[in-house]
Amino acid sequence: MRRELLSTARPTPLRLAGFVAAAAGGLLIGMGALLPWARVSYLGLPAVDVPGVDLGEGRATLAVGLVVLAAIPLSRLSARRTRWAWLLVAAGLAACSLGLAGILVDEARLGGPSAGRLARELARSTGLPEGELRARLEATAPDVRRGPGAPLAAAGGVLAAVGGGLTAAWSRSAGRGGGSLGPHRRG
């Protein structure tokens, strides 16, 4: 097994597909957490983007993306690589759930963080008191448009989970002699 892990031989299609799916999924999860999850505007004022990391779900999504990216090399190099592969599956499903929660987050919650940011920006540009502007904005229903971040994180979670499943399948086949240095099994 150790010889296979350090080999420079071409990886099996299963191992390569698992790596590519997990790596792409981890990157999409991280990008999704950093991109806007919503664009909020009040009373026709300029819209303010709410990045995922401004919300609890977005911060958790970013942490899960980092777990996915850290688990990829561990699923290759560790003696317990199947366990790391299943961690990839679990983390991918968690990221997908968090992304879906971000899509379904209610408009009132999205208005909260952006109302403060918008009040700060308006106070700087108009000279009006920030507290008064914030109170006015919070009393007004915001116009919320969904951003690309949460769906991207959810899609990345699906990819990471698929990559983890493929890595687990490769790990089992490599343990039975079907790895990149062993014979390829067909059928």
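User: How much area does the protein chain expose, and what share of it do carbon and sulfur atoms supply?
Analyst: In this predicted model, the protein chain exposes about 9,600 Å², and carbon and sulfur atoms supply 64% of that area.

User: And what percentage of the residues count as buried?
Analyst: The protein chain has 187 residues, and 43% of them count as buried.

User: Any nonpolar patch on the surface, and if so, which residues form it?
Analyst: A nonpolar patch on the surface is formed by Leu 16, Phe 19 and Val 20, which together have about 260 Å² of accessible area. Of these residues, Val 20 lies in helix H2, which covers residues 13–34, and with a relative accessible area of 47% Val 20 is partly exposed.

User: Staying with helix H2, is Gly 25 buried or exposed?
Analyst: Gly 25, which also lies in helix H2, counts as buried, because its relative accessibility is 0%, and the cut-off for buried is under 20% relative accessible area.

User: What is Gly 25 in contact with, sequence neighbours aside?
Analyst: Once the neighbours within four places in sequence are left aside, Gly 25 is in contact with Gly 156, Leu 159 and Ala 160. As for another part of the chain, the C-alpha atoms of Gly 25 and Ala 95 are separated by 9.5 Å, although the two residues are 70 residues apart along the chain.

User: Where is Ala 161 found, then?
Analyst: Ala 161 is found in helix H7, which spans residues 149–175, and it counts as buried at 12% relative accessibility.

User: Which residues does Ala 161 touch, again leaving aside its neighbours in sequence?
Analyst: With neighbours within four places in sequence set aside, Ala 161 is in contact with Leu 88, Val 89, Gly 92 and Leu 93. The C-alpha atoms of Ala 161 and Leu 87 are separated by 8.8 Å, with their positions 74 residues apart along the chain.

User: What share of the contacts is that long-range kind, for the chain as a whole?
Analyst: If we take the contacts in the protein chain between residues at least 6 apart in sequence, 74% of them join residues at least 24 apart.

User: Let me step back to the fold: how many helices and strands are there?
Analyst: The protein chain has seven helices and three strands, and read along the sequence they follow the pattern α-α-β-β-α-α-α-α-β-α.

User: Switching to charges, how many salt bridges does the structure hold?
Analyst: The structure holds one salt bridge, and it is formed by Asp 49 with Arg 39, whose closest N and O atoms are 2.7 Å apart. The pair links distant parts of the chain, with Asp 49 in strand S2 (residues 48–51) and Arg 39 in strand S1 (residues 36–41), ten residues apart.

User: Are those two partners buried or exposed?
Analyst: Neither extreme applies: Asp 49 is partly exposed, with a relative accessible area of 29%, and Arg 39 likewise counts as partly exposed, at 42% relative accessibility.

User: What about aromatics, how many aromatic pairs are there?
Analyst: The structure holds zero aromatic pairs.

User: Which charged residues lie over the face of Trp 170, though?
Analyst: Arg 76 lies over the face of Trp 170, at 5.5 Å from the ring centre, and Arg 81 also lies over the face of Trp 170, at 4.6 Å from the ring centre.

Technical notes. Residues numbered from 1 in each chain as written. Predicted model: local features only at pLDDT ≥ 70, side-chain atom pairs only at ≥ 80, totals over all residues. Heavy atoms only, no water. Helix = DSSP H or I, 4+ residues; strand = E, 2+ residues; numbered from the N terminus. Buried < 20%, exposed > 50% of the residue type's maximum accessible area, 1.4 Å probe, protein only. Contact = heavy atoms within 4.5 Å. Areas by Shrake-Rupley, 256 points an atom, 1.4 Å probe, with all protein chains shown as cover. Patch = residues over 30% accessible without salt bridge, like charges linked within 9 Å, V, L, I, M, F, W, Y side chains within 5 Å. Salt bridge = Lys/Arg side-chain N within 4 Å of Asp/Glu carboxyl O. Phe/Tyr/Trp six-rings, centres within 6.5 Å; stacked < 30°, edge-to-face > 60°. Lys NZ or Arg CZ within 6 Å of the ring centre and 35° of its normal.
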